[in-house]
Every structure is written in structure tokens, then in C-alpha cells.
Amino acid sequence: MAKGTTKGDKAKMIENQYTHFYNLPNNMRKFLECYLYYRYPNTDNPLANLDKLFDNHIPCLVNRVINEYSHLAWGNRGTLPVDVNEAEKVAKHILYIIREKDNEHYCALCDSIKVDPNIDLE
């Protein structure tokens, strides 16, 4: 969370910019497909390599969010609101693991969008 903001400000931002959150899982999926294909180009399904990037239960959580929330094809998923907290948690996991395992790429990514790479991801 940005310095000087409160949880109330975050809720108001989500209320006013909900389309960013509906697009977040799809953008995470696209990013991971490109990133994993770059790291492991020997497959036609880059997301099959999620377990090489993440440990423990995280690949399942990431996979669920980027598939269920980005395709909206799972039952009545398209009629329900995106779980913002879950999507945000997964986005932070993605950034954290890239910072940990590929810091040079993480720093270049942060530099490209003018964000301090030392920002707290918690």
C-alpha cells in the first residue's frame, strides 16, 4: 500500500476502478505465459512450468486465480465479483518470487514502470 493511504482509501479505489481488478488475473496469466516461455522455451504450454517457479501450494493458487478469474468460464464465475484480496495476494506472490529468483529481471521490470524495486511487497 502506498505511503499515507489507509484501507478505506484502497476500498474506495477498488470501487472506482474495478475494471483494473477484473483485468488483473488475465494480465497475470499473460505475463506468466511470456515469462515462463522465456525461461523454459522447450514447451508449448509455459504455464505447465509454474511449479518450477513457485514452491509448495502456490502454483495451485496461482493457477486457479489466473484461470478461473481470467477466462470466466468456470460455471457462473462471470457473474460473481473477482476476489480482489485473492488476486492481489497472487500478484504479490508473482512479484516476490521473480524478485527472489530473477532479481535482475525484477529490477528491470520495476525500472520500466518507474517503481522502486525495494518496495515492500507485504
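This passage walks through the fold, the nonpolar core, one pocket and two individual residues of a predicted model.

Starting with the overall picture, the chain is all about helices: there are 6 of them and 0 strands. Read from the N terminus on, the order of elements is simply α-α-α-α-α-α. Of the 122 residues, 33% come out as buried. As for the surface, the chain exposes about 8200 Å², and carbon and sulfur atoms account for 53% of that area. Contacts also reach across the sequence: taking the pairs at least 6 apart in sequence, 53% join residues at least 24 apart.

Next comes the interior. The largest nonpolar core holds 23 residues, and M28, L32, F54, V62 and I94 are the ones with the most contacts inside it. The elements that put two or more residues into this core are α2 (18-39), α3 (50-53), α4 (58-71), α5 (84-101) and α6 (103-112). Of these, α5 is the top contributor, with 6 residues. As a general point, nonpolar side chains in soluble globular proteins tend to be buried together. M28 gives a good look at how the core is wired. Once its neighbours within four places in sequence are set aside, M28 is in contact with V65, I66, A87, V90, A91 and I94.

I94 turns up again in the surroundings of F31, a residue of helix α2. With neighbours within four places in sequence left out, F31 is in contact with I94, I98, H105 and L109. F31 and I94 sit 63 residues apart in sequence, yet their C-alpha atoms are 9.8 Å apart in space. So does F31 count as buried or partly exposed? Its relative accessible area is 26%, and buried would need a value under 20%, so F31 is classed as partly exposed.

Turning to the pockets, the second largest one has a volume of about 150 Å³. Its lining is made up of K89, K92, H93, Y96, L121 and E122. By residue class, that lining splits into 3 charged, 2 nonpolar and 1 polar.

Finally, a backbone oddity is worth a mention. K114 lies in the segment after α6, and has a positive phi of about 60° despite not being a glycine. For context, most residues other than glycine have a negative phi. In terms of solvent access, K114 is exposed, with a relative accessible area of 71%.

Notes
Residues are numbered from 1 along each chain as its sequence is written. This is a predicted model: local features need pLDDT of at least 70, side-chain atom pairs count only at pLDDT 80 or more; totals for chains, interfaces and linings use all residues. Side-chain values use heavy atoms; hydrogens and water are left out. A nonpolar core is a set of buried Ala, Val, Leu, Ile, Met, Phe, Trp, Tyr and Cys residues joined through side-chain atoms within 4.5 Å. Buried means under 20% relative accessible area, exposed over 50%, partly exposed in between (1.4 Å probe, protein chains only). Helices (H or I, at least four residues) and strands (E, at least two) are DSSP runs, numbered from the N terminus. Contact means heavy atoms within 4.5 Å. Accessible areas come from the Shrake-Rupley method with a 1.4 Å probe; for residues, only the protein chains shown count as cover. On a 1 Å grid over the protein atoms alone, a cavity is a set of points where a 1.4 Å probe fits but cannot get out, and a pocket is an open set with protein on both sides within 12 Å along at least five of seven lines; lining residues have an atom within 4 Å of a point. Grid points are joined across faces, edges and corners, and a volume is the space filled by probe spheres set on the points. Ala, Val, Leu, Ile, Met, Phe, Trp, Tyr, Cys and Pro count as nonpolar, Asp, Glu, Lys and Arg as charged, and the others, Gly among them, as polar.
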